[in-house]
Each structure stands twice: as structure tokens, then as C-alpha cells.
Amino acid sequence: MMSSRGVKSRVWHAPESLALDELKAKWSSFGHYLLEKMETNGNKLMITDFDSGRQYTGLQLKEKVLAVACALIDEYDFRPGTMVCLACDNSDHMLILAIAILVAGGSFCCAYPKDPYTELLYLAKKVEPRLLFCHSRNLNWAKQLSTDLGFEVVGVPMDEPANKTDSSSPGWFGDLFDYDYRIKSKSIDKLPVPTVKPLDKQVAMILMSSGTTGKPKAVSQSHWNCIVDFAPERRARSDNSSFVCVTSLDYVSGRSIMFGAINHGYNAVLLKGSESTSILEAIERHKLEVIYLGAASFYALITYKHLDKYNISSLKCVLPFGAKILYLDALREFFSKHPHIVQVRQGYGASELSGICMNTMTPQEYLLDCANCGRILPGSQAKVIDPDTGRLLGPNEQGLICVRGETVFPGYYDMEQARRLKADEQKNDLNDSEDLNPFIRDASVFDSEGYYITGDLVYFNDKEELYVIGRYKEVMNCRCTKKVLPQELEEVIEAHPVVSSVCVLGIQSKRELGLHCPRAFVVVKPEFYDVSKEELSSVNSRSLSDESEQLEHVGEHKLCKMNTERRRMIAEDIMEFVNARVGWKKQLTGGVVILDEIPISRTTGKMNKNYLRALDLDQIEIYGDRST
């Protein structure tokens with residue numbers, strides 16, 4: 001089977017090819033690539049730090065990167081392959097430091113500065129950093145890491161310590177930032193330091209996975225992954241645009257915006273957080289044209305009660321990412337009030353992949369087709385398989401997406417596991433890391449053909465556009481072991497006229513081990529909180545008789561203001577609505593729960609399913625539960 005965009009044997013890829021040999025011959029590292037782009041886009045404004053007001057053109061940014069890179073080599077005996085942990089806020093200083101580390105031949109990982117030490121230690125055991133840049137109040141972390149890891153970790157504060165004393169050695173980041181490398185340093189001739197290993201084997205940065213499907217994992221990105229990701233064939237030009245950036249380099253979005261600014265020469269305005277006030281002030285002050293926000297932050301922005309007080313008429317494009325958009329009504333109202341927004345971009349990717357699909361739509365197109373992630377980008381290949389049999393699937397067949405290509409990560413990075421495996425093989429010098437292979441590439445991560453197993457259930461339509469359905473781990477084994485996706489039932493329930501939003505979870509059946517009972521958590525539209533039985537019958541086009549069987553319920557509702565009788569009536573109506581549209585095996589045997597709201601995770605922008613699973617009968621009423 002072949003199509004105009006290269007669907008052969010049911011493997012999807014773009015018809016365009018990348019000049020891979022040319023890229024490999026031209027660049028010695030991703031740091032080398034970024035330095036060259038700073039030079040090329042020399043006088044264009046690239047980076048603005050919102051809080052401090054500091055701004056950099058390409059040439060100014062290059063000067064600061066070279067200063068910090070030379071200071072690392074001269075003052076900290078920085079060597080190729082050194083791993084550095086950045087536990088600091090998103091800022092121009094963090095970006096300059098990260099690029100300087102790459103230019104000096106090192107690698108970096110990011111830790112959230114407000115997390116407790118235990119989270120930092122979890123990451124450090126996997127990546128083994130030798131330098132830690134953090135806030136001065138957290139400098140004791142370096143000493144703790146030195147004790148817990150068994151080797152010295154040098155701590156460097158990003159802010160000037162209150163008790164700083166004069167010293168010939170840099171005591172904080174400001175000393176590196178102001179380092180006069182042209183007079184003091186002999187290291188400038190070494191820069192940029194080429195990678196020790198081949199580009200596709202040398203780690204540039206470590207990102208932490210979201211942890212939505214288990215413990216967070218350390219996702220490695222090679223220099224080659226990064227170089228190819230910013231190839232012009234993969235990214236639309238954004239010249240003369242200006243972006244707001246609220247995420248650090250630990251996120252695909254932060255990396256895309258900040259490195260994209262250097263790549264294309266546009267202005268990226270860096271914020272320390274995603275508060276709506278700061279974002280709106282940045283848009284108004286800097287006449288920003290593009291916002292790239294997680295789904296939760298984007299919802300908070302468009303529903304912000306003081307939104308109308310800000311002039312955001314410069315805004316032309318929005319990129320909501322990270323989760324299914326659950327607030328189309330609010331989005332429709334936002335677009336109608338702001339006709340200057342003419343473009344919405346939607347894509348698909350992950351920390352392990354970067355972006356592999358992208359779609360550009362008008363707001364009207366997006367509202368009608370918000371799940372459309374677009375077509376595969378050059379340099380990537382995807383296949384959709386039956387998760388049970390491994391059979392390749394074709395257009396409009398739902399299955400597990402697996403991806404390979406130039407931007408797919410080398411593997412999960414775990415030095416702790418590598419040392420443990422080596423210790424099992426040979427009981428000798430465990431401090432020698434030269435022979436250690438930190439990359440996890442087992443059969444649960446990559447298949448025999450080198451495809452990364454994403455865990456996402458998707459399908460491609462006849463136009464070869466990707467639609468994400470859900471996570472394979474969320475599949476429910478219902479009656480008669482029928483496999484059912486929560487999204488299938490959610491789509492049915494969302495069609496009910498009183499439903500605002502819904503989340504379906506598989507509850508373990510206590511009657512039949514190994515089976516799930518689908519339970520629907522439903523938020524009702526505000527205008528239906530006082531609906532009568534007759535009014536409900538009219539909107540649902542069916543009759544609700546007083547003699548109809550009432551659903552049994554258990555629990556005490558504290559999370560919904562609607563009165564008990566109305567909750568029961570709507571739950572019964574939803575149950576009948578679903579039963580009339582799905583087979584017996586898929587019915588809501590876990591019952592229906594009515595809530596005032598379904599909380600959204602601030603970190604992922606997705607419905608907080610762990611919160612819903614933790615609700616007990618002291619908090620909610622469950623109507624029609626047959627799981628026990």
C-alpha cells in the first residue's frame with residue numbers, strides 16, 4: 001500500500017528527506033550548532049528575561065555563552081562528558097549556562113528547584129552529576145549528594161550568596177557570567193568542544209518523563225537528536241515572531257521555544273512560571289505573537305477573570321499542548337472575542353521523541369477537529385500495531401503507535417542500573433564508568449526493528465493525519481474480557497446534552513477478578529443544575545416516568561452542590577443514555593458519579609485521575625455501582 005506521502009506497508013513517514021550526511025559533516029556538537037546560529041542571526045533580538053528585563057541579540061548571547069564555557073573549563077576543571085544538574089528557575093541565566101555546558105563538551109539535566117531533596121537524589125542517582133547549580137538556600141544539597149552518591153558534587157549558587165567572601169575562584173554564577181575570557185582564558189581556542197562519542201551516542205541533555213504511567217524516567221537526548229530536531233525541513237519558519245516561554249529546558253516546549261529562538265532569530269520572552277497575570281503582562285508589554293502553553297495553563301489564561309483588562313491584540317497564534325482539550329465552549333468564546341488570533345497549532349510528541357507531527361489550522365478548523373495532530377514530520381517513521389498480536393494496522397484502524405527516526409532518544413538513562421548490572425557481571429572496579437552502558441533499550445522500550453513503543457493508542461485517517469485516542473495502559477477488561485478504551489465511553493457520554501465534561505475509569509471488579517467496571521465521573525453544565533424531570537425529558541427526547549427503576553446509590557456526596565434527587569435523576573438518565581448506545585459488555589457497571597468539577601493536574605494539564613481514584617464513599621455518591 002503506497003500513498004502520496006509515503007505510506008508503504010502501513011508505515012507512515014513524510015515524503016521529504018533530510019540531508020543527514022550534510023548535517024553530520026557540518027556540526028561537531030549541538031553546542032557548535034547553536035553558536036553558529038547565534039552568529040548567523042547576529043543582530044536579531046533572541047532572548048528577553050521578563051523579570052529582569054535583560055535582553056540579548058545573537059552576538060550578545062554568544063559572548064555570554066563563551067564567557068561561561070571558558071569559566072567552566074578554567075575554574076572548575078570542566079572536562080568533556082561532565083554531567084551538570086540545573087536546579088534553578090527558568091531564566092536567561094539558566095539558558096546561557098545550559099548552552100555553555102554543551103559548548104564546553106558537557107551534558108546537563110534539570111531539576112525543579114521547589115522539589116524536595118529526595119526528588120533531586122532520585123534524579124542524581126540516575127545521571128551522576130559532578131556540578132549542581134542551584135539557589136544559595138539549597139547549596140547544602142551538594143554536600144548531601146556528595147555523601148549519598150559517594151563522590152564530590154560541587155555546588156554553585158545561581159544568586160549571589162549573602163556571605164560571599166573575596167576569592168580568586170568564581171563563587172557564584174555571576175562570576176562566570178562576567179568572566180573576561182578574552183584576557184583570562186586560553187580555553188577559547190578549544191571551543192566548541194566536539195563530542196567524545198559519535199553525535200548520536202553522546203548525551204546532550206537529560207529530561208525527566210512526566211511520570212503519569214509510573215515513576216519518572218530519565219530521558220536522554222543526544223546531540224544528534226537535537227540537531228536534527230531543528231533542521232529547517234522539520235520546523236516552520238518563525239522569523240520576526242515573538243514567543244512567550246513559561247517552561248524550562250526540561251520540557252519539550254521550553255526546549256523548542258528557547259533553542260528555536262536561536263535557530264530562527266525570533267524573540268523568546270522567558271517567564272519563571274505560568275501565572276496568567278505574568279503571561280498577559282508579557283504579551284501586552286512585548287507585543288507577543290505566539291503563546292505555547294500546557295492545556296491547564298491555557299485554560300486558566302482564557303478563563304482568567306481579568307483577561308479583558310489586558311491588550312493582547314498582538315497575539316496571532318496559540319499552541320495548547322499536553323492533553324486533550326476539554327473546554328471547547330470556553331475556547332470558542334475566547335476566539336470569538338479575539339479575532340486577531342488566526343492560527344492554532346496542534347502536534348504530537350513526547351520527551352522521548354520530540355515532536356513528530358504538526359498541524360496548523362484556523363481557530364474555526366481547530367474547534368471542529370481539535371484532536372487532529374497533523375502528518376508525520378521529516379526524519380520520523382511511525383507504525384500502528386495491534387497491541388495484542390503485533391499485526392500492522394492501516395488507516396482508520398486504532399492501535400499502538402511505535403516510532404523510530406533521527407529524533408528518537410537513545411534510551412532511558414540510568415547509571416544506577418548500569419552499575420548494578422555491571423556488578424552482577426564482574427566484581428571489580430565499579431568506579432570506572434568507561435565500560436558502563438547507561439542506556440536502557442530493552443524489549444519494553446524498543447521493538448526488534450528499533451521502534452520506540454510509545455504506549456499511546458492512535459489511528460491515522462485517510463489523509464494520513466494522526467489522532468491520539470488514549471494510553472494503552474488505560475484499556476479496561478470489561479464483561480467477558482471485552483477490551484474497552486475509556487475514551488470510547490467518554491465520547492458517548494459527552495454527547496448527552498447535560499454533560500459538560502466526563503472521565504471514565506476502570507474500577508477493579510470484586511465479583512470477577514481481573515475484570516474492570518467502567519465508572520463515569522461527570523460534570524453537569526451549570527444551566528442543568530435546576531432542571532426538572534420534564535425539562536430533562538425534552539432535551540434528551542425521551543420519557544422519564546415516575547415508575548422507572550431507580551438506581552441504587554451508596555456514599556455521601558460532599559463534592560456536588562446539586563440536590564440528591566436531581567443527581568439521581570441525571571445519573572439514571574446518563575446510564576440509560578449509555579446503555580442505549582453501547583453493547584452489554586461496555587456498560588457502566590462501575591456506576592455514575594456527579595461532581596461539581598474534575599480537577600486538572602497543574603503539571604500535565606490532564607484530568608487528575610489519581611484524585612478521582614482516591615475518592616471514597618465519605619465524599620461521593622455512586623449510582624448504579626455493580627463492582628461489588
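Buried means under 20% relative accessible area. Keep that cut-off at hand for the exercises below, which all use a predicted model.

**Exercise 1. Place S314 in the fold and decide whether S314 counts as buried or exposed.**

*Solution.*
Step 1: Find the segment. S314 sits in the loop that links helix 12 (295-302) to strand 13 (317-321).
Step 2: Apply the cut-off. The relative accessibility of S314 is 11%, so S314 counts as buried.
Step 3: List the contacts. Once neighbours within four places in sequence are set aside, S314 touches I283, K287, L288 and E289.
Step 4: Compare sequence with space. I341 is 27 residues from S314 in sequence, and their C-alpha atoms are 8.5 Å apart.

**Exercise 2. Stay with helix 12 and describe how helix 12 packs with helix 13 (residues 328-337).**

*Solution.*
Step 1: Choose the descriptors. Two packed helices are described by the angle between their axes and the distance between the axes.
Step 2: Read them off. The two axes come within 10 Å, and the crossing angle is roughly 55 degrees.
Step 3: Name the arrangement. Because of that angle, helix 12 is oblique to helix 13.
Step 4: Add the hand. Helix 12 passes helix 13 in a left-handed crossing.
Step 5: Identify the residues. Helix 12 brings F298, Y299 and I302, which meet A330, L331 and F334 of helix 13.
Step 6: Sort them by class. This contact has 6 nonpolar, no polar and no charged residues.

**Exercise 3. Repeat the analysis for helix 2 (residues 30-40) and helix 4 (residues 92-103).**

*Solution.*
Step 1: Take distance and angle. The axes come within 7 Å and cross at roughly 120 degrees.
Step 2: Name the arrangement. That angle makes helix 2 oblique to helix 4.
Step 3: Add the hand. The crossing of helix 2 past helix 4 is left-handed.
Step 4: Identify the residues. Helix 2 contributes F30, G31, L34, L35 and M38, while helix 4 contributes I99, L102 and V103.
Step 5: Sort them by class. The tally is 7 nonpolar, 1 polar and no charged residues.

**Exercise 4. Which residues form the contact between helix 16 and helix 18, and what is the hand of the crossing?**

*Solution.*
Step 1: Set the geometry. Helix 16 covers residues 486-494 and helix 18 covers residues 564-579; their axes come within 10 Å and cross at roughly 115 degrees.
Step 2: Give the hand. This crossing is right-handed.
Step 3: Identify the residues. L489, V492 and I493 come from helix 16, and I574, F577 and V578 come from helix 18.
Step 4: Sort them by class. There are 6 nonpolar, no polar and no charged residues in the contact.

**Exercise 5. Which residues touch the most other members of the largest nonpolar core?**

*Solution.*
Step 1: Start with the whole protein. Of its 628 residues, 55% count as buried.
Step 2: Go to the core. The largest nonpolar core has 98 residues, and F30, L86 and F133 touch the most other members.
Step 3: Ask which helix supplies the most. Helix 3 (residues 58-76) does, with 11 residues.
Step 4: Look around F133. Apart from neighbours within four places in sequence, F133 has contacts that include L72, L86, L97, V156 and L176.
Step 5: Check for another core. A second, separate core has 32 residues, among them V246, A282, A295 and L315.
Step 6: Return to the whole. Among contacts between residues at least 6 apart in sequence, 68% join residues at least 24 apart.

**Exercise 6. Tour the backbone at P192, S354, N396 and E128, and give the local setting of each.**

*Solution.*
Step 1: Begin with the proline. The peptide bond from L191 to P192 is cis, with omega near -5 degrees. P192 lies in the loop between helix 8 (181-184) and strand 8 (203-208).
Step 2: Take S354. Although S354 is not a glycine, its phi is positive, at about 60 degrees. S354 belongs to strand 15 (residues 354-361). Its relative accessibility is 1%, so S354 counts as buried.
Step 3: Take N396. Phi of N396 is positive too, near 65 degrees. N396 is in the loop between strand 17 (380-385) and strand 18 (399-405). With a relative accessible area of 43%, N396 is partly exposed.
Step 4: Finish with E128. Just after helix 5, E128 has a positive phi of about 55 degrees. Helix 5 spans residues 117-127, and its buried residues include Y117, L120, L121 and K126.

How values were computed: Residues numbered from 1 in each chain as written. Predicted model: local features only at pLDDT ≥ 70, side-chain atom pairs only at ≥ 80, totals over all residues. Heavy atoms only, no water. Axes fitted to C-alpha atoms, helices over the stretch in contact; angles between N-to-C directions. Helix = DSSP H or I, 4+ residues; strand = E, 2+ residues; numbered from the N terminus. Left-handed = near helix turned anticlockwise from the far one by under 90°. Contact = heavy atoms within 4.5 Å. Nonpolar A, V, L, I, M, F, W, Y, C, P; charged D, E, K, R; others polar. Parallel < 35°, antiparallel > 145°, perpendicular 65-115°, else oblique. Buried < 20%, exposed > 50% of the residue type's maximum accessible area, 1.4 Å probe, protein only. Core = buried A, V, L, I, M, F, W, Y, C linked by side-chain atoms within 4.5 Å.
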